Amino acid sequence: MPPPDWLRPLVDAVAGTDASDFLPMRDVAPASVRRSAVLVLFGVGVDGPDVLLIERSAHLRSHAGQPAFPGGGVDADDDGPVAAALREAQEETGLDPDGVDIVAVLPDLWVPPSSNVVTPVLGWWQAPSDVHAADPREVAAVARVPIAELADPVNRLQVLHPGGWVGPAFEVAGMLVWGFTAAVLDRLLALGGWERPWDHERVQELPADQLRLAMRHRSTSSSRQES
């Protein structure tokens, strides 16, 4: 089933992109690196077109407490990133992968803070199923976030990390979406023609609770790299 008319401009636009269109290319991924995949799932809910996000459990070693796309590591028995993204999304949210049509695969994105190359997989949720925090050990909450809320200038800002990094963020569904997920959403809104003018000068420091979780993750990642 082809994607709906409102999603088609995004599908067409991402066909000509490369990694630098989504993330700043400051470093080159090492030859041997972990690979992950995330499902960027677009559907239509009670409030119109939306995208599926999760909030990761605060007890995880990696990305604890952060809003994210469903996804995770590509296992040896996965048939590539598409299969991995669908499997992880099913495990995390309980969605039925048979109701998802894959419409595009974005370029591989190197994410140095997590030492991962991440492949975002774009899906059209042509037959939505109920979703929930299917694995509480990994997922604290699941939300279908309307695109209109993501594009609303009131919900947009930039966050400042103590290390000097500044990046886009969204205050939606009771969550502060930042980091990799927000960077990808920021570009997809623009590519899909959904972006509205917003105040790029609205910059806030990363909240203390998010900072603690981020620093814990960075410490864990560094320990794994040194071992």
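Which residue stands opposite Glu55 in strand 8? In this predicted model, the residue opposite Glu55 is Ala141. The pair belongs to the contact between strand 2 and strand 8 (residues 139-146), where seven bridges join two strands that run antiparallel. Glu55 also has a bridge partner in strand 3, namely Pro67. Strand 3 (residues 67-68) pairs with strand 2 in the antiparallel sense, over two bridges. In general, the strands of a sheet pair through backbone hydrogen bonds, and the pairing may be parallel or antiparallel.

Strand 2 has a further partner in strand 1 (residues 34-45), to which it is joined by four bridges, again with the strands running antiparallel. The connection from strand 1 to strand 2 is a hairpin that passes through two residues. Within this pairing, Pro49 of strand 2 stands opposite Val44. Strand 2 is mostly covered, since seven of its nine residues are buried.

A separate group of strands forms an open sheet. Four strands take part, in the order 11-10-9-12, and their pairing is mixed. Strand 11 (175-177) and strand 12 stand at the edges; each has a single partner strand, so one side of each is left without a neighbour in the sheet. From one strand to the next, the twist averages 40 degrees. Strand 9 and strand 12 run parallel and are joined by three bridges. In strand 12, Gln204 is the bridge partner of Val159.

The loop between strand 10 (166-172) and strand 11 contains Ala173. Most residues other than glycine have a negative phi. Ala173, by contrast, has a positive phi, near 55 degrees. With a relative accessible area of 49%, Ala173 is partly exposed, because a residue counts as exposed over 50%.

Charged side chains provide another set of contacts. Side chains of opposite charge can pair when their charged atoms come close. The structure holds 13 salt bridges. One of them joins Glu92 to Arg56, with the closest N and O atoms 3.1 Å apart. This pair links distant parts of the chain, as Glu92 belongs to helix 2 (residues 80-93) and Arg56 to strand 2 (residues 48-56), 36 residues apart. Both partners are buried: Glu92 has a relative accessibility of 1%, and Arg56 has a relative accessible area of 11%. Each is classed in this way because buried means under 20% relative accessible area.

Helix 2 also contains a salt bridge between Arg87 and Glu91, whose closest N and O atoms are 3.4 Å apart. These two residues are four residues apart in helix 2, about one turn of the helix. Arg87 counts as buried at 19% relative accessibility, whereas Glu91 is partly exposed at 41%. Arg87 and Glu91 are also members of a network of salt bridges that links them with Asp75, Asp78 and Glu88.

A further salt bridge is formed by the side chains of Arg156 and Glu195, at 3.6 Å from N to O. Here too the pair links distant parts of the chain: Arg156 lies in strand 9 (residues 156-160), and Glu195 lies in the loop between helix 4 and strand 12 (203-205), 39 residues apart. Arg156 is buried, with a relative accessible area of 1%, while Glu195 is partly exposed, with a relative accessible area of 34%.

Another loop, between helix 2 and strand 5 (100-105), contains Leu95. Leu95 counts as buried, at 1% relative accessibility. The C-alpha atoms of Leu95 and Ala134 are separated by 9.1 Å, and the two residues are 39 residues apart along the chain.

The interior was also examined for empty space. Rolling a probe the size of a water molecule over the atoms shows where such space is left. A search of the whole structure finds one cavity of 30 Å³ or more. The volume of the largest cavity is about 30 Å³. Its lining is made up of Phe42, Val51, Ile147, Leu150, Leu185, Leu188, Leu189 and Trp194. By class, these are eight nonpolar residues, with no polar and no charged residues in the lining. Helix 3 (147-151) and helix 4 (179-191) each supply at least two of the lining residues. Helix 4 gives the most, with three residues.

Terms used
Residues are numbered from 1 along each chain as its sequence is written. This is a predicted model: local features need pLDDT of at least 70, side-chain atom pairs count only at pLDDT 80 or more; totals for chains, interfaces and linings use all residues. Side-chain values use heavy atoms; hydrogens and water are left out. On a 1 Å grid over the protein atoms alone, a cavity is a set of points where a 1.4 Å probe fits but cannot get out, and a pocket is an open set with protein on both sides within 12 Å along at least five of seven lines; lining residues have an atom within 4 Å of a point. Grid points are joined across faces, edges and corners, and a volume is the space filled by probe spheres set on the points. Ala, Val, Leu, Ile, Met, Phe, Trp, Tyr, Cys and Pro count as nonpolar, Asp, Glu, Lys and Arg as charged, and the others, Gly among them, as polar. A salt bridge is a side-chain nitrogen of Lys or Arg within 4 Å of a carboxyl oxygen of Asp or Glu. Buried means under 20% relative accessible area, exposed over 50%, partly exposed in between (1.4 Å probe, protein chains only). Two strands pair if DSSP finds at least two bridges between them. Axes are lines fitted to C-alpha atoms, for helices over the stretch in contact, and angles run from 0 to 180 degrees between N-to-C directions.
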